Amino acid sequence: MTRADSDDTGLSNTDRLFRSAAFTDALQALPGIRVSDGAAGSAFIGAQGAQLLSWQSGDGRERLYLSPTTGGATIHDDAGGEAAAIRGGIPVCFPQFSDRGELVKHGFARNQPWRLAARHRHGATLALASDTITARHWPHAFHAELRVALAPGALRVTLAVVNTGNVPWSFTAALHTYLRVEDIHATRLLGLDGVRYQDATDACIVKTQDEAALSIPGEVDRVYLEPPAELLLEEDGQPALRILQHGFADTVVWNPGPEKARALRDMPDEDWLRMLCVEAACAAAPVSLAPGECWEGGQTLMLAS
Ligand SMILES: O=P(O)(O)OC[C@H]1O[C@H](O)[C@H](O)[C@@H](O)[C@@H]1O
């Protein structure tokens with residue numbers, strides 16, 4: 001899209017799409033909505049991809065990493081570029097995880113404007129349904145919903161997908177959560193001892209983790225198979241966050257490490273030290289949905305003490 005696509009309001013067509021009347025707020029120039037509840041904290045959900053861009057727990061601490069130099073479709077369009085994914089928060093990867101298929105990496109849903117379906121007392125639901133635009137990427141009829149709910153000391157995110165067509169289809173997906181950490185060298189992930197994983201840094205060879213606690217000295221890119229339903233993030237030797245998932249078969253742990261971080265154009269070089277992705281995913285095997293069938297999975301982040 002070019003500037004010629006903008007009208008006399010100065011907004012490009014894409015910009016207008018993401019700034020529908022429902023999305024009145026902005027975070028780093030990305031349109032969306034803020035949901036808040038005093039004791040439970042607040043969250044910001046972007047219109048693009050229904051991507052959660054911030055979760056501040058009740059104690060005021062930001063728990064999600066969002067790159068300060070990230071783009072997004074509206075920002076990149078003005079520069080004449082392609083619609084771009086937002087780096088950080090909780091990208092919704094659907095209907096494809098990573099490059100495991102023919103579609104654009106991590107699927108198209110993260111670059112689409114989602115609709116605000118409902119606001120709740122402690123959250124909101126955003127929806128994306130198949131239309132002529134999604135059909136250009138993927139020929140299937142679907143309805144997807146992302147529900148965000150705040151509770152004291154916790155954030156619950158649920159993805160639900162329905163096959164609204166007449167033929168079965170399958171998908172892979174992830175809630176690609178970027179956790180904000182103070183210092184990756186003082187961060188450890190507990191709970192994956194003895195769990196098998198595909199090592200994406202080593203031709204996806206299946207290995208077994210033999211450390212009780214995973215530390216991140218550099219690049220890590222793993223799809224854990226049959227992980228436990230709960231992991232614990234530890235910072236400075238203290239429990240920081242409990243990470244629970246349901247419905248999703250796998251857990252992905254990703255950090256680009258220093259070299260790959262330098263190659264990412266939308267993240268400062270040093271910020272691999274401040275983030276760790278712990279993703280609830282269906283990555284290793286696709287989920288099949290018959291016509292009318294619904295699938296649901298979610299991830300819950302809870303302050304640990
Ligand atoms: O840069 P992105 O397209 O957002 O992908 C970021 C990362 O996502 C996942 O965690 C994958 O396992 C990684 O291989 C990938 O590099």
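## Starting at Q28

Q28 sits in the loop between strand 1 (25-27) and strand 2 (30-37). This is a predicted model, and Q28 is a handy place to begin reading it. Though not a glycine, Q28 has a positive phi of about 50 degrees. Most residues other than glycine have a negative phi. Is Q28 buried, exposed or partly exposed? Q28 counts as partly exposed, because 18 other C-beta atoms lie within 10 Å, and being buried takes 20 or more.

## The whole chain

Stepping back, the protein chain has four helices and 21 strands. Its radius of gyration is 19 Å, close to the 19 Å that the globule rule gives for 305 residues, so the chain is as compact as a globular protein of that length. Measured out along the principal axes would be one way to picture it: the C-alpha atoms fill a box of roughly 60 × 45 × 40 Å.

How much of the protein chain is buried? Of its 305 residues, 44% count as buried. As for contacts between residues at least 6 apart in sequence, 64% of them join residues at least 24 apart.

## A hairpin with a turn to look at

Now find strand 3 (residues 41-46) and strand 4 (residues 52-56). They pair in the antiparallel sense over four bridges, and one pair of bridge partners is A43 and W55, with W55 in strand 4. Together the two strands form a hairpin with five residues between them. Four of the five residues of strand 4 are buried, so strand 4 is largely enclosed by the rest of the structure.

The turn of this hairpin holds G49, which has a positive phi of about 75 degrees. A50 lies in the loop between strand 3 and strand 4 as well. A50 also has a positive phi, of about 50 degrees, although it is not a glycine. Is A50 buried or exposed? With 32 C-beta neighbours inside 10 Å, A50 counts as buried.

## Two annotated residues

The unreviewed UniProt entry carries an "active site" annotation that covers H176 and E279. These residues span 104 residues in sequence, yet no two of their C-alpha atoms are more than 4.6 Å apart, so they gather at one spot.

Where does each one sit? H176 is found in the loop between strand 10 (169-175) and strand 11 (178-180), while E279 has its place in strand 20 (residues 275-289). H176 is buried, with 25 other C-beta atoms within 10 Å. E279 is buried too, with 26 other C-beta atoms within 10 Å. Leaving aside neighbours within four places in sequence, H176 is in contact with I90, P91, C93, C277 and E279. On the same terms, the residues that E279 touches include H176, T177, V252 and W254.

## Strand 10 and its partners

Strand 10 is worth tracing next. Five of its seven residues are buried, so strand 10 is largely enclosed by the rest of the structure. Strand 10 runs antiparallel to strand 20, and six bridges join the two. Among the bridge partners here are L175 and A280, with A280 in strand 20.

Strand 10 also pairs with strand 5 (residues 92-93), again antiparallel, through two bridges. Here C93 stands opposite A174 in strand 10. A174 turns up among the contacts of E279, and C93 among those of H176.

## A cis bond just after strand 5

Which peptide bond is cis? The one from F94 to P95 is, with omega near 0 degrees. Most peptide bonds are trans. P95 is found in the loop between strand 5 and strand 6 (115-120).

## Around the ligand

Last stop: the ligand. Which residues surround it? They are A85, S98, K105, H106, A200, D221, V252, W254 and C277. This shell divides into five nonpolar, two polar and two charged residues.

Some of these names have already come up. V252 and W254 surround the ligand and are also touched by E279. C277 surrounds the ligand and is in contact with H176.

How values were computed
Residues are numbered from 1 along each chain as its sequence is written. This is a predicted model: local features need pLDDT of at least 70, side-chain atom pairs count only at pLDDT 80 or more; totals for chains, interfaces and linings use all residues. A residue is near a molecule or strand if its C-beta atom, placed from the backbone, lies within 6 Å of it. Ala, Val, Leu, Ile, Met, Phe, Trp, Tyr, Cys and Pro count as nonpolar, Asp, Glu, Lys and Arg as charged, and the others, Gly among them, as polar. A residue is buried if 20 or more other C-beta atoms lie within 10 Å of its own, exposed if 12 or fewer, and partly exposed in between; C-beta atoms are placed from the backbone. Two strands pair if DSSP finds at least two bridges between them. The radius of gyration is taken over C-alpha atoms; the globule rule is 2.2 Å times the number of residues to the power 0.38. Two residues are in contact if their C-beta atoms, placed from the backbone, lie within 7 Å. UniProt positions are given in the numbering used here, feature names are shortened, and annotations may be inferred rather than shown by experiment.
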